Each structure stands twice: as structure tokens, then as C-alpha cells.
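User: I'm new to this one and would like a close look at how charged side chains pair up, and at what surrounds them. Please take it slowly and keep it casual.

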Amino acid sequence: MSISLGTPISSLLTNKRRVGALKSLGLITVGDALTYYPFRVTDPVSLRALREARAGQPMAFAAQVRQVRVVPMNARRGYRLEAIVDDANFAQTRNVAGSIARLVFFSGKRQYIDWLSAKMHSGAYVVVAGEPTEFNGQLQFTHPDVLTVDPDPRGSASSGSSVSARRLYDADTEEKALERVCRPRPVYHATSRISSEHIHEAILGFLDALRGGGAASSDAGLQSESVNGATGNGAAQADITVADASRPADAIDSVGSTAVELPSGTAALRRTIPDIVPEPIRAAHGLMHREQAFLAIHDPQSSEEFRQAIATLRYEEALVSQVSVLQSRQHARQKQSYVCADVSLRDAFIASLPFTLTGGQREVIDDTAADMAQRYPMQRLLQGEVGSGKTVVAVSAMLQAVGAGYQAVLVAPTQVLAEQHYQTISAMVNGDSMHVAMTLLTGGMKLAARRKALAQAASGEPGIIIATHAAFSSTFQAPNLALVVIDEQHRFGVEQRESLRARGDLTPHLLVMTATPIPRTAAMTWFGDLDISWLTELPGGRKPITTVIVPEADARMMAAMFAHVRGRIDAGELAYVVCPRIDMDEGADDAGEDGFEAFEEGSHDERAQTAGGRSASRGVSGRGSYGGNRLGSTVDSDSMRSANVTGSMEQNAESKPPLHAVAEIAQRLQSLPQFEGIAFATLTGRDDDATKAQVMADFTAGKTPVLVATTVVEVGVDVPQASCIVIFDADRYGLSQLHQLRGRVGRGGTASWAFLVSRAEPDSIAAQRLDVIHRSLDGAHIAQADLELRGAGDVLGDAQSGGKSGLKLLRVVKDATIIAEARADADTLLNSDPDLGHAVQLAGAVLDFTRGGESQIVSS
């Protein structure tokens, strides 16, 4: 059987339950498994004789089994295996007297106990790693990691039965077994279905199969799966018979060297795992070969080797991503678009404005004008602070398209925002000096109105179309569409955006806008195919928002906050109150809307890994899987954090109080004396479009001066009279989202306040995040801090933190230097070899990366 990175795991493992558990982690092929990286490695385990044992301190030793017995457990179903071991020979090498210890294993499966007792028969030589305890005055190891050792390795080799010996024993010699149990051990994010040890075990088996080049021995190396298949989901079971996947010390040539003669197994592995990074670039940066890196990550000889492997694959991800975005940019320049060189209508609009544009607005308008005058399509990202005037820039660009005789569409993420844009822009472009055709298209329109809007768009008449997701429908046709503006781009998928641009012979220009703060390093990484503009200067007349952190347990401060809000309402102003949940009946996993992360501080994956680790610790590990979650501490845990882990384990979600809900808070506030006589309204994502529109109209008119809502008000809602926002459970939001919510107030030129109601413990990570937003109004600074404290998932969108992301090691903040180097290498490489004809493996990796939409992953 020929085995490659694309070989399905199901064809190698006989244990279907194990296959299903790996599949639940997104591991379908051998390649998927090899790129499922551990998030940390343990410290090496110390060698000690039994007389040198210290309670609670992990240790490793060699011994001989003197006695084995199996005892049924009376109190509950199952069996207990006890093995008495003697380390006399090993202790002699350490110049101490020998001693004995008891190894204890529990299992509800008789088949497993029989298999284990056969492996650890009286007289067997074993190497043991575990944490010693004392029971009834005797040294005891409960569920240690055990490797069996060939008692006569020379005899096995001379008789030509080395393959059979490998199947019978875990190691040829005591020295090799001790080396394996003592070196660092990788720890993987696991689930209740599969432990970290079993993930490690499976990956080593796949590496062994690849090393064998697909020979029958690779299948034999995974035969112990059938033994474990009968043991169920209980304790993690040992795969002691799995063939040894660890490579000899001389199996890896020195980094950067290509002249070393490789052992046959390593040569075969290099053929099945070819380098993606071209050889000149690999050598220039002193990187490992790809197969070396995989071995060093999943079967590290030392912590330093592990770090070096991580650095190698991290650079590989950076190079692939940068080649992808640069190629996308080159391909975009080869397309044809509408030439929009007439700026007279745009200039008339700017002259009619009752205020003066900021320098940043003027600069971005000029940049977009120059882009739209070209024959290739503009692709520009406009990153702007909340209230920085992005709408004026967008209207200017759309009027340039209309002035040239074409159509422009602005796509908003919600009907409320689309209707608001329609009203605002209609008032701006239809006056005494100009008249522009305006069309509103939303999914909530009545059939007659919708047909009229679609017909007007299909006519091709120059004008501006304001739409929601309805613009992505196949019924929407705009034959002269020259410009697509995407507002709040992170709410739309890449496929949606591109489908709107691919409906005609010419590709429309593209302007995507976001107020979600994205650090410049991140923007340059993920939007490398777009020209990027920043609006950091706020229009004149805006006053800074005062941000106050309010501990919910401080009754006096809470009362003062409500009294302040009432005072602003009495002054004719309005207030938002934001809650993460709609009602108290919601499950914790359903809490919140639009990106709210209920358990942000505690990663589900890490909690599951902890649970899996507890389960796994009850079994005997096989080759290289030695209960890493128990033995030793973290090595470089921060750098090992995968993209899909976005929080700390500061506290478990189970210990957190329930989230506040809109219905609950609205009822409580209305009962307070501070709000006597004040009308309240509620707004959530469950409300239909008509209800949302009516609620916002009443709120804006002051009929209901307090609006209790979920995060549906986060994006684009513009109510100048709103001066206060109270955010409950603020410690459970990301900083970028809090910054967006805070931007809902202070838009009318009056003083404004944001109250962050928190139940976070002092000095916790959540408290540190709130302190960042308390001290700063700079979105870029806040986004940088958000990435450093939380990871990239919240700031850059769900796609990055999900299993589909092709980037698992690269960190957009801490690896900015690596990304810059990879960008320069990618640029040089594409200049000399645009089609990557001399870098076939890199071309394939880039194609896979691009097919997943990774080059524009923020938008996914």
C-alpha cells in the first residue's frame, strides 16, 4: 500500500472509534494529522532509582517484573492489575541499592487487562515513567507509562527477526527506552473522545508508515489499534505494540546541510514529505527540512529542537500566505474594470458639504479617485476609527462612478444600517445642486417594492444602490456596476463579495470598509492583496468618550451610574444598555450575538484537553506517548498556542456567573427609582425587520430614551442624541467589540460616557483587558492589545480561529518580523518565477491555501 500525506487515516487504523475521534478534530488524512501541532511540550523527566524517588516528582527508571497478578474489584465492576518490579540492575548503575515498587492499573475491560499482563509478564524488562506515591508503606506508581525492552537485542538482530522483535517490544535496548521516556513530550489539544497521548500515538504511527514508504510494516505498526478498539472510551489504553517511530540520532542531517548521507528511513520520509520552502530560501534562513520539522515537533529529542521545528513551520506558513496574497494582487491587476475618470459630480458633492473634510478624508478620496481612473479594478481597504467619516469617503467614490455614467452599490450587514445609509446618503446627494438616483434593496421589503428596486437596478441607470445581503442573490442584476462598497467587511464572506464582482465582463472596483480595529501588521498580513488606507483623525467637534469601569458588586457605584444616566435622559439625551444574552432561558453556549464570546477566557479546547488528560492518565502509553499532561511543565507554551486557541485558562467557564439577558435587565432597570417614569425599549436579533425599524425610530425620536439591546447595535447605528452606553458583562467581550460598542455614543458633539459593568476579579486577564480600553481611545492600540491578550480570533474573525484555517502557528503580532521577511522573499521569488514553475511544492501549497479563502481570511 502506497502511503502519502493524502492517504485517508481510515485506511491505516483498524479502530473505527479512534478514526471517528480524530475526524472530530478535523483530521481526515495523514497530512491533516501531521499539521495538528502540539501546543506545548513537557520538561524532560529525571532518571532516578527507586531509592531516590521523591513523592510527587516524576521520574523514570528501568526494572524487571518479578510478579504480576490480576484482582477483580469487588466494589465496582472491573479489574486491578498489580505488577511488582525490581530495579536492582538499574540502581547499581547509579551506585545505590536496589528496591521494589508496585505498578497499579485499573480497567473495566478484561481484554485489556489480559493483554497488559501478557506484556508485563514475570521476568519482562521494562522502563517506567511516572509519579511515585506511597500506599500501605510501599512505593507505588498508578498508571505509569511503560515500555517493554527486548531482553536480547543482539540475538534478535543476528537471527534476522528484528521486525518481529519490534512488534513484541517497544524498544531494542534499555538505553533507547530510557532516552525516549526522559525526553520532552508533546501535548495536544484533545477532547473527551481522544486523549493527547492517543493523538500523539497515532501521529507517530503515521510518521512510521511514511518512513516505510508504504510497506506492509506500516500497517503492522498500527495493529495495536485493534487491541484498543475493544477497550471502549474508558481509560486510555496502551498501544505498546506499535512500531517505534522515533528516529535514530543520526537520522537527521544538520540544518542547512544537504551533503549528509541519510539513512534509508529518513530518505523515504523526505520523499513523502517534500520541502515546501524552496531550497535557497530554506538554507538562507537556516531552516530544517520539512520532514525534520515534523519529526522534531511530534517526537522531539530536546526542547530546543522542538522550538527550532516550530520556527521552521511558522516561516513556511508565512511564506505560503505572502505568496498567496501577492499572487492575488498580481492577478487582480490583469483584470479589466470600468474607467471612472470624471470627478465633477464628486467635487460638487464635496463643495456642498456643510463641514470641511479632514486631511485623512481628503487623502483617501484622492487615492480612490486615482485607483478608479485605472483600467484595472481598484481593491482598497479603508480602516477607520468609529465616527472617523468613512461614509463621506464612500459616497465620494460612489459619486465618481455615477458621474462616469455607471452604477455603484453599497452593501450593509443589517437592514437597520442599510435603511440608515439610504436616508443619510439620499439627503446628502439630493439637493438644490444635484440629484442622484437612489435605490434601496433589502430582504425584508414587500414583494412589490422589491421587484421595483430590482427592476431599477437591472435598468443600468446611473445611480447608487443601498442593499443588504439581498445584493448577493442571483435575482440582483446591475449591468453597469462599476463600484462595490462593502460596509463592515468582516460581516461578509469572501465568496459573497467576489460573486457580486464576477457577474459581468468587467470587474467592478472594490472598496471595503471596517471600523473594527485591526493592527497594521495584521492588516498588511491578511489584506496583502488590497491597498490599505487608514482614517485616524476624527472630524472637528467630537469630544472624547469618558470610559468608566463599574464593578457590579459595588452597589454604591452602580447606583451612581444609574443616577448619572437618568440625569442625561432628563437633559434630552438617550442611553443604550447592552447585554450579551436575549433571555435567561438561553444556554451558555448560545449566549450573545454577533461575535460575543461567552467563554472567552477559557478555551473550550484547553478545557477538553484537561478532561482528556485526566482520562488518558489512566492508561499505559505506548511508543513516545507518556502522559505528558502529568509529567513536567510547559516549555514555550505561548509560542505553541495554535490559531484556534484564543483565551487563557485563568478560570473555567463553569465557575463564571450566568450572563445578563436583555429581558432580565430591562425588567430590573424599570423597577429602579432612578428610572421611574422612563419608557424602555428592547432590541435583539430575534426581532423582525419591521420591529427593529420601529424600535430604532422611537429611540431616535426620544419616545423610548433607554434602549436595552444585544450587540445588534454594535455596527453602524448612528443616533447623535445618544450620550451614554452601559455594557453589562463587559469582562466577557473582546476589546475590539467593546471599542465598537463604545463608538455608538458621542456622535452628536456632546459629552458622552461608556460604563463597563464587570464581574472580573482584580488582576485577572479580563481586568487587564478592561484597563486597556479604559485608558485608550486609539483603536489600533486597542486591537494590538487585544491580539496580545487574546489571540487573533476575535479581532480577525471566526475563520482564523476555526479548524479550516491553514495558519496554525503564525502569530500576526509577535511574528511581524517573520512575516516581513517572508513578504520580501515572496516578492523576490515571484519576480524571478511568477508561475512558481521551479517551486512546484510551494505552488501546490499556495493553491491549497488560496482555495480555502485564506488569503482574505479576515473576511471569511
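Analyst: Let's start with R66, which makes a salt bridge with D86; their closest N and O atoms sit 3.4 Å apart. Keep in mind that this is a predicted model. The pair links distant parts of the chain, since R66 belongs to strand 3 (residues 59–72) and D86 to strand 4 (residues 79–86), 20 residues apart. How open are the two ends? R66 has a relative accessible area of 44%, so it is partly exposed. D86 comes in at 18%, so it counts as buried, because the cut-off for buried is under 20%.

That pair has company: the count comes to 24 salt bridges. Some join up, too, and R69, R80, E82 and R102 are linked in a network.

Now for a pair within one helix. D114 and R110 form a salt bridge with 2.9 Å between the closest N and O atoms. Both lie in helix 4 (residues 110–119), four residues apart, which is about one turn of the helix. An α-helix has 3.6 residues a turn, so residues three or four places apart point the same way. Both ends are partly exposed here: D114 has a relative accessible area of 34%, and R110 has 38%.

Next, follow the chain a long way along to R759 and E552, whose side chains meet in a salt bridge at 3.5 Å, N to O. R759 is in the loop between strand 23 and helix 27 (765–775), while E552 is in the loop between strand 18 and helix 22 (555–570), so this pair ties together parts that are 207 residues apart in sequence. R759 has 27% relative accessibility and counts as partly exposed, whereas E552, at 19%, counts as buried.

Those two loops come off strands 23 and 18, so have a look at the sheet those strands belong to. It is an open sheet of six strands in the order 18-23-22-19-21-20, with parallel pairing. Strand 18 (545–551) and strand 20 are the edges; each has a single partner strand, so one side of each has no neighbour in the sheet. On average, neighbouring strands are turned by 20° against each other, ignoring direction. At the strand 20 end, strands 20 and 21 pair in the parallel sense over four bridges, and F680 stands opposite V706 in strand 21. Helix 26 (residues 735–742) packs on the sheet and touches strand 18, strand 19, strand 22 (722–727) and strand 23 (752–758), with its direction making about 150° with that of strand 22.

One more neighbour of these strands is helix 25 (residues 689–701). Its 13 residues reach 18 Å from the first C-alpha to the last, close to the 18 Å expected. Which of its residues are buried? They are K692, V695, M696, D698 and F699. They cover an arc of only 165° around the axis, which means they are on the same side of helix 25. A690 and A701, on the other side, are exposed. And what do the buried residues pack against? Their partners are helix 18 (415–429), strand 19 (574–578), strand 20 (680–683) and strand 21 (706–709). Just after helix 25 comes G702, which takes a positive phi of about 85°.

Terms used:
Residues are numbered from 1 along each chain as its sequence is written. This is a predicted model: local features need pLDDT of at least 70, side-chain atom pairs count only at pLDDT 80 or more; totals for chains, interfaces and linings use all residues. Side-chain values use heavy atoms; hydrogens and water are left out. The expected span of a helix is 1.5 Å times one less than its number of residues. Buried means under 20% relative accessible area, exposed over 50%, partly exposed in between (1.4 Å probe, protein chains only). The arc is that of the directions from the helix axis to the C-beta atoms. Contact means heavy atoms within 4.5 Å. Two strands pair if DSSP finds at least two bridges between them. Axes are lines fitted to C-alpha atoms, for helices over the stretch in contact, and angles run from 0 to 180 degrees between N-to-C directions. A salt bridge is a side-chain nitrogen of Lys or Arg within 4 Å of a carboxyl oxygen of Asp or Glu.
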